[in-house]
Amino acid sequence: MTSPLRRAANVPVGWLLAASLVLVFVGVVLIDDDKGWNFWSEQALNGLTTGSLYALIALGYTMVYGVLRMINFAHGEVFM
């Protein structure tokens, strides 16, 4: 018989993160009656958009560093 801690260690971190984000999102929406689903769905979309942009910038830095083996700070200047 395995212990609950041993079984919890086998759960992928991504699933735990996704479940916690869903619980927080639903909790915030249910607790906050002043702002409806529309506000929070727009905020989630804004967060995903901004996060995707940051991920693309990080991917660009990684690709340039992988090829040249040096950091090219002009990449950040273009973003700004």
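How much area does the protein expose, and what share of it do carbon and sulfur atoms supply? The protein exposes about 7,100 Å², and 71% of that comes from carbon and sulfur atoms. Keep in mind as you look around that this is a predicted model.

So how far can you trust the picture? The mean pLDDT of the protein is 77, with 79% of the residues reaching 70 or more. Confidence is highest in helix α3, at a mean of 86, and lowest in helix α1 (residues 4–9), at a mean of 58. Where pLDDT is low, the predicted coordinates should not be read in detail.

Now for the overall layout. You'll find four helices here and zero strands, so reading from the N terminus the elements simply go α-α-α-α. The chain has 80 residues, and 6% of them count as buried.

Let's visit the surface next. Val22, Phe25, Val26 and Trp37 form a nonpolar patch there, and together they have about 360 Å² of accessible area. Which helix gives the patch its largest share? That's helix α2 (residues 13–31), with three residues. Val26 has its place in helix α2. Is Val26 buried, partly exposed or exposed? Its relative accessibility is 33%, so Val26 counts as partly exposed. The reasoning is just a matter of cut-offs: buried means under 20%, exposed means over 50%, and partly exposed is what lies in between.

Move along to the loop between α3 (37–68) and α4 (74–79), and you'll meet Arg69. What's odd about Arg69? Its phi is positive, about 60°, although Arg69 is not a glycine. Most residues other than glycine have a negative phi. Arg69 also counts as exposed, because its relative accessibility is 62%.

Arg69 has a neighbor worth a look, too. Val64 sits in helix α3, and it touches Arg69, Met70 and Asn72, leaving aside residues up to four places away in sequence. Val64 has a relative accessibility of 25%, so it counts as partly exposed. Finally, try finding His75 from Val64: the two are eleven residues apart in sequence, and in space they are 8.9 Å apart, C-alpha to C-alpha.

Technical notes:
Residues are numbered from 1 along each chain as its sequence is written. This is a predicted model: local features need pLDDT of at least 70, side-chain atom pairs count only at pLDDT 80 or more; totals for chains, interfaces and linings use all residues. Side-chain values use heavy atoms; hydrogens and water are left out. Patches are made of residues with over 30% relative accessible area and no salt bridge: like charges are joined within 9 Å, nonpolar side chains (Val, Leu, Ile, Met, Phe, Trp, Tyr) within 5 Å. Accessible areas come from the Shrake-Rupley method with a 1.4 Å probe; for residues, only the protein chains shown count as cover. A salt bridge is a side-chain nitrogen of Lys or Arg within 4 Å of a carboxyl oxygen of Asp or Glu. Helices (H or I, at least four residues) and strands (E, at least two) are DSSP runs, numbered from the N terminus. Buried means under 20% relative accessible area, exposed over 50%, partly exposed in between (1.4 Å probe, protein chains only). Contact means heavy atoms within 4.5 Å. pLDDT is the predictor's confidence in each residue, from 0 to 100.
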